[in-house]
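With the structure open in your viewer, follow the stops below in order, making each selection before reading on.

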Amino acid sequence: MLSFHLKRAEQALSARKFVGIRELDLTSPQCTALGYLTGGAAKSCTQLAREALVTSQTMTGIVKNLELKGLVERHASPDHGRVMLVSLTPAGVERAAAASGFAASVERGLREAMSGEEYAQLITLLDRVADLAPEVTADAAE
């Protein structure tokens, strides 16, 4: 089944990236949160949760752990006194950059392990699946 092969590839790639982020004392969800904060925009836990596709409670726990590591800080929103915004600390900026760099190097290594034609074909086919999947009906799939 196609979904099995897609998931297998995604899990293998994620597992390889996990090795590097573990060396940075981060979890995958923590890397995701740091990534959404990269660029300097402060966000609420609710905003981060929506972007990461997790519950607000889950994101609150992730943010608390990042705060304990000194990678993020929380401060009151100037617009809404009860809303706390999360932003990266200087250490968080450095750690987010290191995690992003490692992930990019893994993807670059994968791309270099394939011929240019293979890589281009892979991207084309994955994009095609993403474009076609929402339109596939049960009758067409049989």
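Begin with the charged side chains, among which this predicted model holds five salt bridges. To look at one of them, select Glu10 and Lys7, which form a salt bridge whose closest N and O atoms are 3.6 Å apart. Why do Glu10 and Lys7 lie about one helical turn apart? Both belong to helix H1, and because they are three residues apart there, about one helical turn separates them.

Next, move to Arg111 and Tyr119, and show both side chains as sticks. The charged end of Arg111 sits over the ring of Tyr119, at 5.8 Å from the centre of that ring. If you then search for pairs between aromatic rings, the count for the structure is zero.

For the third stop, turn to the surface and select Leu2, Leu6, Leu122, Ile123 and Leu126, which form a nonpolar patch there and together have about 380 Å² of accessible area. Two elements each give two or more residues to this patch, namely helix H1, spanning 2-23, and helix H6, spanning 116-132. Colouring the patch by element will show that H6 supplies the largest share, with three residues, while Leu2 is found in helix H1.

Finally, display the largest pocket, in which about 470 Å³ of space lies. Which residues lie nearest the centre of this pocket? Select Ala9, Leu13, Leu110, Leu122 and Leu126, which hold that position among the 15 residues of the lining. The elements that contribute two or more residues to the lining are H1, H6 and helix H5, the last of these spanning 90-113. Of these, H1 provides the largest share of the lining, with seven residues.

Before leaving the pocket, keep Leu122 and Leu126 selected: these two residues, named here among those nearest the pocket centre, also belong to the nonpolar patch on the surface, so that both selections can be shown together in one view.

Notes
Residues are numbered from 1 along each chain as its sequence is written. This is a predicted model: local features need pLDDT of at least 70, side-chain atom pairs count only at pLDDT 80 or more; totals for chains, interfaces and linings use all residues. Side-chain values use heavy atoms; hydrogens and water are left out. Rings of Phe, Tyr and Trp (its six-membered ring) pair if their centres lie within 6.5 Å; planes under 30 degrees apart count as stacked, over 60 as edge-to-face and the rest as tilted. A charge sits over a ring if NZ of Lys or CZ of Arg is within 6 Å of the ring centre and within 35 degrees of the ring normal. Patches are made of residues with over 30% relative accessible area and no salt bridge: like charges are joined within 9 Å, nonpolar side chains (Val, Leu, Ile, Met, Phe, Trp, Tyr) within 5 Å. Accessible areas come from the Shrake-Rupley method with a 1.4 Å probe; for residues, only the protein chains shown count as cover. A salt bridge is a side-chain nitrogen of Lys or Arg within 4 Å of a carboxyl oxygen of Asp or Glu. Helices (H or I, at least four residues) and strands (E, at least two) are DSSP runs, numbered from the N terminus. On a 1 Å grid over the protein atoms alone, a cavity is a set of points where a 1.4 Å probe fits but cannot get out, and a pocket is an open set with protein on both sides within 12 Å along at least five of seven lines; lining residues have an atom within 4 Å of a point. Grid points are joined across faces, edges and corners, and a volume is the space filled by probe spheres set on the points.
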